[in-house]
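Hi,

Here is the structure I promised to pass on. Have a look at it first, then read my notes below and follow along on your screen.

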Amino acid sequence: MKKFLVAISFLTISVLLNGCLVFHKVSYTVQPNGAKGGTATLYFEDIKSDAIGNKEFEEDKNALFEYMLSSDEFISEMKKEGKKIKSRELYVDNNKLFGKIVFSYDKISEVEGMQYQDGFYFLTIPPTDSVISTNGVVVPSKDHKRIMWDKSIKELKFEMLSDAPKAGLRELAPFYTKE
């Protein structure tokens with residue numbers, strides 16, 4: 001969960017539970033309005049649970065389907081973090097569960113700690129994080145990686161892998177029913 005700050009935002013409640021929601025990869029599209037506000041869209045691919053017991057698995061399903069997807073409480077919690085949820089959805093494709101969340105923000109730093117300085121947007125991540133793609137430039141160093149975008153870029157995009165796939169993950173797609 002700590003690997004991506006967005007995972008903290010989107011999956012905060014699951015950390016508090018015995019099980020944990022995990023995903024294969026996450027994609028971001030951030031449309032900033034200078035160093036101030038903007039909109040971010042996140043896609044989560046292949047959401048699963050690493051819960052071992054049935055009780056924890058039920059808690060993960062409730063956290064995802066009832067709390068994150070449907071509750072006003074989740075909207076309120078994200079607002080406290082500076083993320084004003086515009087839409088959230090889950091969908092199944094090829095028997096995999098996907099998620100999409102769109103939120104607006106007032107400060108670029110509310111989007112996973114991104115920064116704006118001297119005409120550049122940047123995101124600093126651990127050196128072990130796997131950046132699959134970006135329309136920015138990845139600058140690696142011993143202590144971190146930094147993705148950088150010139151201020152002229154209107155959509156900041158990047159896609160990252162989650163941790164290596166783990167054995168024993170439980171599928172959530174069969175339990176999702178669109179209301």
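**A hairpin to start with**

Let's begin with E7 and E8, which form a hairpin with two residues between them; in that turn, aspartate 118 has a positive phi of about 50°. Keep in mind that this is a predicted model. The two strands, E7 (residues 115-117) and E8 (residues 120-125), run antiparallel and are joined by three bridges. If you want to find one of the pairs yourself, look for glutamine 117, whose bridge partner in E8 is phenylalanine 120.

E8 also pairs with strand E11 (residues 145-150), again in the antiparallel sense, this time over six bridges. There, leucine 123 stands opposite isoleucine 147 in E11.

**The whole chain**

Now zoom out. The chain has three helices and 13 strands, and 45% of its 179 residues are buried. Its accessible surface comes to about 9500 Å², with 50% of that belonging to carbon and sulfur atoms. Take the contacts with a separation of 6 or more: 60% of them are between residues 24 or more positions apart.

**The six-stranded sheet**

In what order do the strands of the open sheet of six strands come? Reading across, the order is E5-E6-E3-E2-E12-E9, and the pairing is antiparallel. E5 (84-93) and E9 (130-134) stand at the edges with a single partner strand each, so one side of each has no neighbour in the sheet. On average, neighbouring strands here are turned by 15° against each other, if you ignore direction.

Within this sheet, E3 (residues 38-45) and E6 (residues 96-105) run antiparallel and are joined by seven bridges. One pair to look for is tyrosine 43 with its bridge partner in E6, lysine 100.

**Helices on the sheet**

Helix H2 (residues 54-68) lies across E5 and E6, and runs at about 130° to E5. Helix H3 (residues 72-80) packs on the sheet too, touching E5 and E6, with its direction at about 125° to that of E5.

Both ends of H3 are worth a look. At the N-terminal end, serine 71 acts as the cap: a side-chain oxygen lies 3.1 Å from the backbone nitrogen of phenylalanine 74. Just after H3 comes glycine 82, which takes a positive phi of about 90°.

**What's inside**

You may remember from lectures that nonpolar side chains tend to be buried together in soluble globular proteins. In this model, the largest nonpolar core has 39 residues, and Leu64 and Leu97 have the most contacts inside it. H2 gives the largest share of this core, with six residues.

Which residues does leucine 64 touch, leaving aside its neighbours within four places in sequence? They are Leu21, Ile47, Leu69, Leu90, Leu97 and Leu172.

**A buried glutamate**

Last stop: glutamate 159, which you'll find in strand E12 (residues 156-161). Is glutamate 159 buried or exposed? Its relative accessibility is 17%, so glutamate 159 counts as buried, the cut-off being under 20%. The side chain of glutamate 159 makes a polar contact with the side chain of lysine 25, at 3.4 Å. Not counting neighbours within four places in sequence, glutamate 159 is in contact with Lys25, Val26, Ser27, Ser130, Val131, Ile132 and Ser133.

Have fun exploring, and write back if you get lost!

Cheers

Notes:
Residues are numbered from 1 along each chain as its sequence is written. This is a predicted model: local features need pLDDT of at least 70, side-chain atom pairs count only at pLDDT 80 or more; totals for chains, interfaces and linings use all residues. Side-chain values use heavy atoms; hydrogens and water are left out. Two strands pair if DSSP finds at least two bridges between them. Helices (H or I, at least four residues) and strands (E, at least two) are DSSP runs, numbered from the N terminus. Axes are lines fitted to C-alpha atoms, for helices over the stretch in contact, and angles run from 0 to 180 degrees between N-to-C directions. Contact means heavy atoms within 4.5 Å. A nonpolar core is a set of buried Ala, Val, Leu, Ile, Met, Phe, Trp, Tyr and Cys residues joined through side-chain atoms within 4.5 Å. Buried means under 20% relative accessible area, exposed over 50%, partly exposed in between (1.4 Å probe, protein chains only). Accessible areas come from the Shrake-Rupley method with a 1.4 Å probe; for residues, only the protein chains shown count as cover. A polar contact is a pair of N or O atoms within 3.5 Å; within protein, one must be able to donate a hydrogen and the other to accept it, and residues adjacent in sequence count only if both atoms are side-chain atoms.
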